[in-house]
Amino acid sequence: MDEQHRNQKNKYSIIVPTYNERLNISLILYLIFKHLSDVDFEVIVVDDGSPDGTQEVVKQLQQVYGEDRILLRARPRKMGLGTAYIHGMKHASGNFVVIMDADLSHHPKYLPGFIRKQLETGGDIVTGTRYVKGGGVHGWNLMRKLTSRGANVLAQTLLWPGVSDLTGSFRLYRKSALEDIISCCVSKGYVFQMEMIVRASRKGYHIEEVPITFVDRVYGSSKLGGSEIVEYLKGLVYLLMTT
């Protein structure tokens, strides 16, 4: 293979932040390896000091898949999602970065579609969306669906980002774009994903969408409550004033 062709070959660094995901991590990693069998990738698990033994499970999986394919980059305690991505990126050797949840709400079967869409369009970001034909949510009650949809419509109306799913966190980024965008973001938690995509849109990055079905977490408890909704509304006002 000539040098030029080798340089065109993409590598994907998949960053998976974890906290108490012992029951999910082995399945999510198995599915990633299953669905990306012909792709050059690494998985970077950023664990925030899980007390449930998540790191021990990851270490066992490293013996199976190799420490070059699964990188465990732990932190001492819960330190937030945005900093988990920044931490993971420091160790990423790929030119593209995927961010996804460990709780199986993001199915790895969609990853080949993300990669294909990026290759076809040359996009800087491919985001999974629940709100176009072919996308959806499984396992949410009507109240949760309405809250999520309402939050999304409110953000669409006020911010006009040109993206149908602002709060989704299943995305493929060109690494250079992610480094640029994340350095501008100040939000925490639930609002962070929205700030990322709004700033990307404002900066003129090429964003593509792929329909996904979001499945409510398989094991463990959901992290969205009343306080997150308040944070979301505060974040919306902040983005309205600063972007």
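Let's start with Glu-42, which is buried, with a relative accessible area of 3%. Keep in mind that we are looking at a predicted model. What does Glu-42 form a salt bridge with? The partner is Lys-11, and the closest N and O atoms of the two are 3.7 Å apart. If you trace the chain from one to the other, you'll see that they come from distant parts: Glu-42 belongs to strand S2, while Lys-11 is in the loop between helix H1 (3-8) and S1, 31 residues apart.

Now stay in that corner and look at Phe-41. Leaving out residues up to four places away in sequence, Phe-41 touches Lys-11, Tyr-12, Ile-14, Ile-32, Phe-33, Leu-36 and Arg-69. So Lys-11 turns up again, as a salt-bridge partner of Glu-42 and as a contact of Phe-41.

Phe-41 also brings us to the core. The largest nonpolar core has 33 residues, and Phe-41 is among those that touch the most other members, along with Ile-14, Ile-25, Ile-32, Val-43 and Met-100. Where do the residues come from? Strands S1 (12-18), S2 (41-47), S3 (70-72) and S4 (96-99) each give two or more, and so do helices H2 (22-35), H3 (54-65) and H5 (111-121). H2 provides the largest share, 6 residues. There is also a second, separate core of 29 residues, and Ala-84, Ile-125, Met-194 and Ile-197 are included in it. If you are wondering about the background, nonpolar side chains tend to be buried together in soluble globular proteins.

Back to the charged pairs for a moment. How many salt bridges does the count come to? It comes to 6, and I'd like to show you two others besides the pair we began with.

One of them joins Asp-48 and Arg-75, with the closest N and O atoms 2.8 Å apart. Asp-48 is in the loop between S2 and H3, and Arg-75 is in the loop between S3 and helix H4 (81-90), 27 residues apart. Are these two buried or exposed? Asp-48 counts as buried because its relative accessibility is 8%, and Arg-75 counts as buried too, at 7%.

Another salt bridge brings together the side chains of Glu-208 and Lys-117, at 4.0 Å from N to O. Glu-208 lies in strand S8 and Lys-117 in helix H5, so this pair ties together parts that are 91 residues apart in sequence. Here the two partners fall into separate classes: Glu-208 counts as buried at 19% relative accessibility, and Lys-117 counts as partly exposed at 25%.

While we are at H5, let's see what surrounds the helix. Leu-111, Gly-113, Phe-114, Ile-115 and Gln-118 are buried in H5. The cover over the buried residues of H5 includes S1, H2, S4, S5, S7 and S8. Just after this helix, look for Gly-122, which takes a positive phi of about 70°.

S5 was in that list, and it deserves a look of its own. This strand spans residues 125-129, and 5 of its 5 residues are buried. Which residues point one way, and which the other? Ile-125, Thr-127 and Thr-129 point one way, Val-126 and Gly-128 point the other way, and all are buried. That fits a rule you may have met already: in a regular strand the side chains alternate between the two faces of the sheet.

S5 has partners as well. With strand S7 (residues 171-174), S5 pairs in the antiparallel sense over 3 bridges, and Tyr-173 is the bridge partner of Ile-125 there. With strand S8 (residues 207-211), S5 runs parallel, and 5 bridges join them. In that pairing, Gly-128 stands opposite Val-210.

Let's move to the outside. Val-237, Leu-240 and Met-241 make a nonpolar surface patch of about 320 Å². Leu-240 is placed in helix H9 (residues 226-242) and is partly exposed, with a relative accessible area of 41%.

Finally, the whole chain. You can find 9 helices and 9 strands in it. Of its 243 residues, 50% count as buried. The chain exposes about 11,500 Å², and carbon and sulfur atoms supply 55% of that. Among contacts with a separation of 6 or more, residues 24 or more positions apart account for 81%. The Glu-208 and Lys-117 pair, 91 residues apart in sequence, is a nice one to look up in the structure. Thanks for listening!

Methods:
Residues numbered from 1 in each chain as written. Predicted model: local features only at pLDDT ≥ 70, side-chain atom pairs only at ≥ 80, totals over all residues. Heavy atoms only, no water. Core = buried A, V, L, I, M, F, W, Y, C linked by side-chain atoms within 4.5 Å. Buried < 20%, exposed > 50% of the residue type's maximum accessible area, 1.4 Å probe, protein only. Helix = DSSP H or I, 4+ residues; strand = E, 2+ residues; numbered from the N terminus. Contact = heavy atoms within 4.5 Å. Patch = residues over 30% accessible without salt bridge, like charges linked within 9 Å, V, L, I, M, F, W, Y side chains within 5 Å. Areas by Shrake-Rupley, 256 points an atom, 1.4 Å probe, with all protein chains shown as cover. Pairing = 2+ DSSP bridges.
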